[in-house]
Amino acid sequence: MSWNILWEHLLLVVAAVACSVVVGLPLGVLAYFYPKLKKLILFVTDVLQTIPSLALLGMIMILIGAGKATVIIGLTLYSLLPVVRNTELGLEEVDPGIKEAARGMGMGRMYRLVRVELPIAFPIVFTGVRIALVNAIGTAVFAASVGGGGLGSIIYRGIRVMNMKLILSGTLSLMAMAVTFDTLMGLIEKRLGRKRRKIKPEQEIERKPTERMKKGYQS
Amino acid sequence: MTLSKIIDGYGASLLRNVGIHLGFVLISVAAGFLLGLVFGILLSRIPKYSKIILPVLSVFNTIPGIVFIGILFLYLGMISLTVVIALSIYAMFPVLKNTFVGLTNVEPQYIEAAKGCGMSPVQALFKVELPLALPTVIGGLRMATIYTVSWAVLAAMIGLGGLGEFIYQGISINENSLILLGAVPAAIVAIILGLLIDRLQKLVTPRGVRKGAKQR
């Protein structure tokens, strides 16, 4: 096994998660702005994640053919739910007092969003991105069956030629990748939380929702 | 291929494969749910080790289902048991984790109160802790089910049928309608099972907790 395949796998995942942030962040903001849209947006993203990976990839393949683009679109759709949900939750959890203060200072809606609400919600959004990334690393295994390459191709080949070493090497590198990213991003997450705490010590109890939300998402 | 041709040619095998797929999912999820519940309860009795156990569990959670199927395939060969065991193990992890988290998140005051009412630890577990943790446990069941529907597609990879059969065939002979024939029912099955479990989750949420959630 070469580094190339690891790199290929990682590239697919990172590209997909980046896309899902680009698409998911505005969707989360929309859901936060318009409570009526919220239900619809969350329902659609939830359904997208429910569709079996290979089925989703197969359907996309029909539209645009086999290849890396198929995998990236599929993984993007998969990663939307955590990003959208955490963006919306994070924005909602911003202390109403702070929102009120921003409005009192005469900030417009978009200005408030960009300068006040999003920065405060950022740690929770980051948690969503982390969950999306770690999930995508696992799901990207399916890429192999629609011509996207990555670590999945090693595992598939291992099963086909009945070579335990190949299967294990693919799996272990996959696990290592997931654990590394989970740990690294977890550390960043902790730091984000701590930094915020330094600014507003009285908010310490208020930071708890981050933990609760993570569990809320997973459960 | 037109729709009627597909139904003529594949109607019977579609029904059969939906059945096989559902069979794999239901058996494995049932087994995985029981295992996860029992292990989760056992682990929650030793919460001291949760700092070690939880990360280990989430590491195992990152193993793709295909690996379980692949490795067992090498040992057991091309039999349904391979898929069922692999998917059961896979389905066990989310349930185990959520059972453990749900039980350890029960506020100590309730357990204390149960003790004060004269309940034995076993009674407290079954009458107080488990009902309070049940919504979280069912959340784990939902994840387990959806993942299992997704990975059961792989049963076809080792020639055991299920909806994956159409998808793999379609991909290899480049026949779009075959891919859809597998993908669309698989998606529908997953969505329906997900909605059913959502309903179940609402049903099992204790009334007091439901009200509390609303007030908050």
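Reader: How many helices and how many strands does the secondary structure of chain B come to?

Author: Keep in mind that we're looking at a predicted model. Chain B comes out with 9 helices and 0 strands, and from the N terminus its elements run α-α-α-α-α-α-α-α-α. Chain A also comes to 9 helices and 0 strands, and its pattern along the sequence reads α-α-α-α-α-α-α-α-α.

Reader: What box do the C-alpha atoms of chain B fill?

Author: Roughly 70 × 40 × 25 Å, taken along the principal axes. Of the 216 residues in chain B, 45% count as buried. For chain A, with 219 residues, the figure is 43%.

Reader: And what share of the contacts joins residues that sit far along the sequence from each other, say at least 24 apart in chain A?

Author: In chain A, 74% of the contacts between residues at least 6 apart join residues at least 24 apart. In chain B, residues 24 or more positions apart make up 73% of the contacts with a separation of 6 or more.

Reader: Let's zoom in on a helix. How do I check whether the end-to-end distance of helix 4 of chain A agrees with its number of residues?

Author: Count residues and allow 1.5 Å for each. Helix 4 of chain A (residues 68–92) has 25 residues, so it should span 36 Å, and its end C-alpha atoms are indeed 36 Å apart. Try helix 2 of chain A too: its 16 residues reach 23 Å, close to the 22 Å expected.

Reader: Where does helix 4 of chain A bend?

Author: At A:Ser79, by about 35 degrees, and a proline, A:Pro82, follows within four residues. This helix is also mostly covered, with 21 of its 25 residues buried.

Reader: A:Pro82 brings me to A:Arg130. How far apart are their C-alpha atoms?

Author: They are separated by 8.7 Å, although the two residues are 48 apart along the chain. A:Arg130 belongs to helix 6 (residues 109–139) of chain A.

Reader: Is A:Arg130 buried or exposed?

Author: You count C-beta neighbours inside 10 Å, and 20 or more means buried. A:Arg130 has 21, so it counts as buried. Leaving aside neighbours within four places in sequence, A:Arg130 is in contact with A:Asp182, A:Met185 and A:Glu189.

Reader: Now for pairs of helices. At what angle do helix 1 and helix 2 of chain A pack?

Author: The general idea first: an α-helix has 3.6 residues a turn, so residues three or four places apart point the same way. Here, helix 1 (residues 3–33) and helix 2 (residues 35–50) of chain A pack at about 145 degrees, their axes 6 Å apart. Helix 1 of chain A brings A:Leu27, A:Leu30 and A:Ala31, while helix 2 of chain A brings A:Leu37, A:Lys38, A:Ile41 and A:Leu42. By class, that contact has 6 nonpolar, no polar and 1 charged residues.

Reader: What do the buried residues of helix 2 of chain A pack against?

Author: Helix 1 and helix 4 of chain A, together with helix 6 and helix 8 of chain B. The buried residues in helix 2 of chain A are A:Ile41, A:Thr45, A:Gln49 and A:Thr50.

Reader: So the chains touch. How many residues does each chain put into the contact?

Author: Chain B puts in 32 residues and chain A 29. On the chain B side, helix 3 (65–76), helix 4 (80–104), helix 6 (121–152), helix 7 and helix 8 each supply at least two residues. Helix 8 of chain B has the largest share, 10 residues. The chain B side divides into 21 nonpolar, 11 polar and no charged residues.

Reader: Which residues touch the most other members of the largest nonpolar core?

Author: In soluble globular proteins, nonpolar side chains tend to be buried together. In this model the largest nonpolar core has 119 residues, and A:Ala55, A:Ala136, A:Ile137, A:Ala140, B:Val153 and B:Ile167 touch the most other members. Helix 4 of chain B gives the most to this core, 14 residues. For B:Ile167, the residues touched include A:Leu54, A:Ala55, B:Val153 and B:Ile179.

Reader: Last one: which residue other than glycine in chain A has a positive phi near 55 degrees?

Author: Most residues other than glycine have a negative phi. A:Met162 has the positive value, near 55 degrees, and its place is the loop between helix 7 (151–160) and helix 8 (164–199) of chain A. A:Met162 is exposed, with 11 other C-beta atoms within 10 Å. In chain B, look at B:Asn174, where phi is near 60 degrees. B:Asn174 lies in the loop between helix 7 (164–173) and helix 8 (176–204) of chain B, and with 11 C-beta neighbours inside 10 Å it counts as exposed.

Key:
Residues are numbered from 1 along each chain as its sequence is written. Chains are lettered from A and ligands numbered from 1 in the order in which they are written. This is a predicted model: local features need pLDDT of at least 70, side-chain atom pairs count only at pLDDT 80 or more; totals for chains, interfaces and linings use all residues. A residue is buried if 20 or more other C-beta atoms lie within 10 Å of its own, exposed if 12 or fewer, and partly exposed in between; C-beta atoms are placed from the backbone. Two residues are in contact if their C-beta atoms, placed from the backbone, lie within 7 Å. Ala, Val, Leu, Ile, Met, Phe, Trp, Tyr, Cys and Pro count as nonpolar, Asp, Glu, Lys and Arg as charged, and the others, Gly among them, as polar. A nonpolar core is a set of buried Ala, Val, Leu, Ile, Met, Phe, Trp, Tyr and Cys residues joined through C-beta atoms within 7 Å. The expected span of a helix is 1.5 Å times one less than its number of residues. The bend at a residue is the angle between axes fitted to the seven residues ending there and the seven starting there. Axes are lines fitted to C-alpha atoms, for helices over the stretch in contact, and angles run from 0 to 180 degrees between N-to-C directions.
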